[in-house]
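Student: I would like to learn how to read a few features of a model, beginning with a single residue and moving on to helices and domains. Could we go through them in turn?

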Amino acid sequence: MKKFWLFIFSSLIATGIAYYSKKAPSSLATKPGWNTFEKKSANHISAHPSTGKELEKARIPSPKRSIAQEKSESFGKAVLPKDRAYQIRENRLLIGDIDRTDYQNENNDLVMLNKINPDWKNILGNDLLRFQEEETKVMIKEEFPVIKVQNGKGIYLEQVVVTYVFKNGNYSSFHALVDSDTGFVTETWDRTVHEKVKQKRAEIALPEINTSGIITR
Amino acid sequence: MKKETLTTFTLSTLALASLVLSSCVPNAGSGLRSRDSASAVTSTNVGLYQGKILADNPIILSKNSELSDSFDLNKLLSVADITSNTFLTGNSSCNGLTYCFEVRENKDSPSALQTTNGKWAYGVSTPEFLQVNTYYHLNRVMDNFFNNLVSGYDLAYTGSTANYKTALPLTYRNGLDQFYALQNPLIAYADCDVADNAYFDRALMTLCFGYFTEHPAMKWAQDSTVVYHEAGHFFQRLQLNIRNPLAYSKAEMGNIFYDEAGAIGEGLSDFYSYFVNGRAHFAEWAAGRYLAASRPMTEDDPLHISAVSSDPDQRLAYPTYLNYNPNFSSLPNEDIHTAGMIISHYLVALTEDLQDKCSMSKTGAANTVMYLLTETLAEHGDLSGKGIEGETDGRINLSSAYPTDPDSTLSRDWFSLVNPINYRTFMQTFAKNLLKTLGNSSLNRCAGSIYTRDQIETLIDDYGLLLFRTYNENRNHSYTGAGVVDSSKTPTAVNSNNRKKSVLISKDLLIFDPSSTASSAYVIDNRTTMLSGITSLQSAGLMTNSLSAQTPSDLGFNNNNGKISPGEVVAIALNLYNNSNSTMGGIQILANDWNHADALGKPCKFSTSESKDNWPQTAEGGTPCTLPSPNAALTSDNFAPVCFMQLNEPSSTRWVSQSEFKTKLALDSSMCLNKNNPKDCFIRAIKGADQAHYSKLNPKSTWGQTMADPETGKAPGLDWGNVLMFEVSKHIPPGTVIDCRLRVRFTNCDDCYHKQKADNTKTNYTSDPSADGYDFTDVEMNGPRPYKILHLQIPIVD
């Protein structure tokens, strides 16, 4: 009997712990992998690890998701599937002109055209917000590091997901390759497709009197 | 073991077990919820694993096109099998030719909806219903699509032998390779907090179905056709990238502004809805009921104007109907969704034609068309340059494997800019795929016979889309190593007698507005306007290089005087004019780097056989250039910035490269826009804004005249996709004159895509008569011949 009550008591405690852990607002927790940059003023851009609330606002799926979690966590920071024959060098995915030489063998020289700047993500965040309005946020997630080979030389790059969150709640995302040294975007893809039915054109106003002086032919 | 230790151990174990188990239980406010009475009511008469759904959208189910948003949609529900899973998740495996997805209420939901009793019945007004309805229809379209993909492989291959040149990789069929390689599972938010919108986020792999500002009871997820359409964008990403299995650099249909690839993408997504439900109309409820934005897919639809019918002479033909919106038919509309109706109507008409000519069932015909779309998109999207299984590099989208390719991102540039998907290129590849499958006499898949070339071409022509002279089966591989025509790879010619409605126009007829009072080019340098443009492009991911550090973040050099001054970022709008008697469609203006300078950077003066440009004269710095042969390897010398500088010297005035101009000014490279690239030291087209599009130009009209509201005579303002953007160095001396040599073309251009024999009327002939009608290769697309060349001579004004 004593054992029974002990079991009930311990179950209640365990249930309580589980309930509390679920009840606690996830938004306070920081999620690894994402960083948020926010334009506070013309000269001030803040940076911090993205919070759960920020991820939710940007409609970024929670890391708690079921299938997604399995898939992403099993490969750690990178999302490279295990069973694909990727070429790796310096723990970076090799891309580009990589079929002529075995660059996976690090004894084979590969001259690198840039270096890895540990501050690349900050530079990127600042560059992406340089022209944006105040209170615009950009969230950046590192997916995996890359070495791109072209003309027999390598460039360090980082593959990231970029998500903009605007003051009015609108947002947009895309994938990008970023120079690991300069922090500048070199390539983008995976832009969001909208079905907006009230999409407005930019309605760019042309000068009423054209004084450009441009001669055409 | 001591008793206390045992107790602690027991407690800890139980706590841990509870925690582990709790990870399967959704948070409060997400999946596990008690529901209102509507739920209870609808739970009756529902079996295990079943739920209640709207089998189609409410307009169709009620047969009432004016159904009110206050109507009780619970009356339209029906019972359907949902899933035996505990959560609203699809297949548990994301490997191979299977799929996985999950449906959640919204962004705040940390997991998919869970059932506690194995049933999925909820009232229409509940968020749970939206999730179940979305799940049901998403699962349905997924089933159809992936089954089609598998059966497509069986059409393409017998064992491991390809039945024809296919773009589908054999590895997927045999090894069930990672079709989902590097895809996150798709997550659909059924009750997303976005107003008047539904979208597919390619980067985050999420679908989002929003609400309607003025009709809060209505939700996008109540309309199954919207689920199919948005899923269609997801499928297109898969189809385009079947041959791009690696993680990086995916192909996509169009950019965010108007272009024909984007229009075709929207039309295809409409067709995915038809593919599932067999009904040739999209979004009668979500877009049609109050927003007047639903879209038909057949000419017999009553929404169309009377001039449109399924009579071959009254089809929704290109380019006439590019700006046609059946909901507001008198008002020209430049929008990818409505411009995509031409392809959706063609695909539905083809489905019907296959039923008729090949005795296929409706489902069988729609499946055949979907398979042909997969083949077409897989070939176009290949960024490795192969395009067809077993081919060597260099077949399509240039190739990163060109021996001295200066930049392996060139394939992406060719796919999106230099030789992009438009109505001509898409239909040519699609027609080729029709020919090699249903038109293949060794397969006889059309009721034991073939779907003939005449049948293929006739229907395409009905839509004004027979814009190609050959099927271009071998693309860049039509030439020998010496660059002459390979007689063993002669492309199949289109029967010109079948081109009755498709109109081809000479590129020479695209000119600047000839009106004496008109301006040919406008400069927009308003600071606020340009900041808006930069932020729009950058946040959409279109700008793929950063602006120079010398350009201030407030665009402080922009002075809004309508001229170009040092340090400005400007937009330039061209006032083009269609000087022909037929409509031009798909006008594209290019300001990217191209092959118009020699290895020293001197501007090429092209021979008259290469271009009518005739600029600059030798005394002005022009130099003859030898263009590469059609299949030559490109080098960095084959890419020069679009703009040259005028150099005034005591003895002469000549046009020089920006590098030479910099040297003459003794300007240090660190003062260039990009200190590492003196080639565009003083002015550069902003990557991502280095092409502009106009949907169409009516005969003898400008874009403004084409787009004018018939009642007011006014055209809408330009969008960012209509203009080019340039960045100007603050170090450029005022008084300098710049010449930007732009290239323009249009989709129904007679001499922009294929070669013609030399004669007095043709302006762009081939020196090899045996190549008459051949498409220009990707290498040739980098030169002058496929384009009309236009010049902007720009004075820099302080």
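**Burial, helix crossing and domain contact**

Tutor: In this predicted model, B:Ile589 has 25 other C-beta atoms within 10 Å, and because 20 or more such atoms count as buried, B:Ile589 is classed as buried.

Student: Where does B:Ile589 lie, and which residues does B:Ile589 touch, leaving aside those up to four places away in sequence?

Tutor: B:Ile589 sits in strand S15 of chain B, which spans residues 584-590, and its contacts beyond that sequence window are B:Leu574, B:Gln691, B:Ala692, B:Leu724, B:Leu742 and B:Val744. B:Asn722, 133 residues apart from B:Ile589 in sequence, is 9.0 Å apart from B:Ile589 in space, C-alpha to C-alpha.

Student: At roughly what angle do the axes of H6(B) and H7(B) cross?

Tutor: The axes of helix H6 (residues 224-240) and helix H7 (residues 260-277) of chain B come within 8 Å and cross at roughly 125 degrees; H6(B) and H7(B) are therefore oblique to each other, and their crossing is right-handed. By class, the contact of H6(B) with H7(B) has six nonpolar, eight polar and one charged residues.

Student: How many residues do domain 1 and domain 2 of chain B give to their contact?

Tutor: The domain assignment places domain 1 of chain B at 23-151 + 171-252 and domain 2 at 274-502, and their contact takes 30 residues from domain 1 and 26 residues from domain 2. On the domain 1 side, H6(B) gives the most, with seven residues, and that side divides into 12 nonpolar, 13 polar and five charged residues.

Key: Residues are numbered from 1 along each chain as its sequence is written. Chains are lettered from A and ligands numbered from 1 in the order in which they are written. This is a predicted model: local features need pLDDT of at least 70, side-chain atom pairs count only at pLDDT 80 or more; totals for chains, interfaces and linings use all residues. Helices (H or I, at least four residues) and strands (E, at least two) are DSSP runs, numbered from the N terminus. A residue is buried if 20 or more other C-beta atoms lie within 10 Å of its own, exposed if 12 or fewer, and partly exposed in between; C-beta atoms are placed from the backbone. Two residues are in contact if their C-beta atoms, placed from the backbone, lie within 7 Å. Axes are lines fitted to C-alpha atoms, for helices over the stretch in contact, and angles run from 0 to 180 degrees between N-to-C directions. Angles under 35 degrees count as roughly parallel, over 145 as roughly antiparallel, 65 to 115 as roughly perpendicular and the rest as oblique. A crossing is left-handed if the near helix is turned anticlockwise from the far one by less than a right angle, and right-handed if clockwise. Ala, Val, Leu, Ile, Met, Phe, Trp, Tyr, Cys and Pro count as nonpolar, Asp, Glu, Lys and Arg as charged, and the others, Gly among them, as polar. Domain bounds come from an automatic or database domain assignment.
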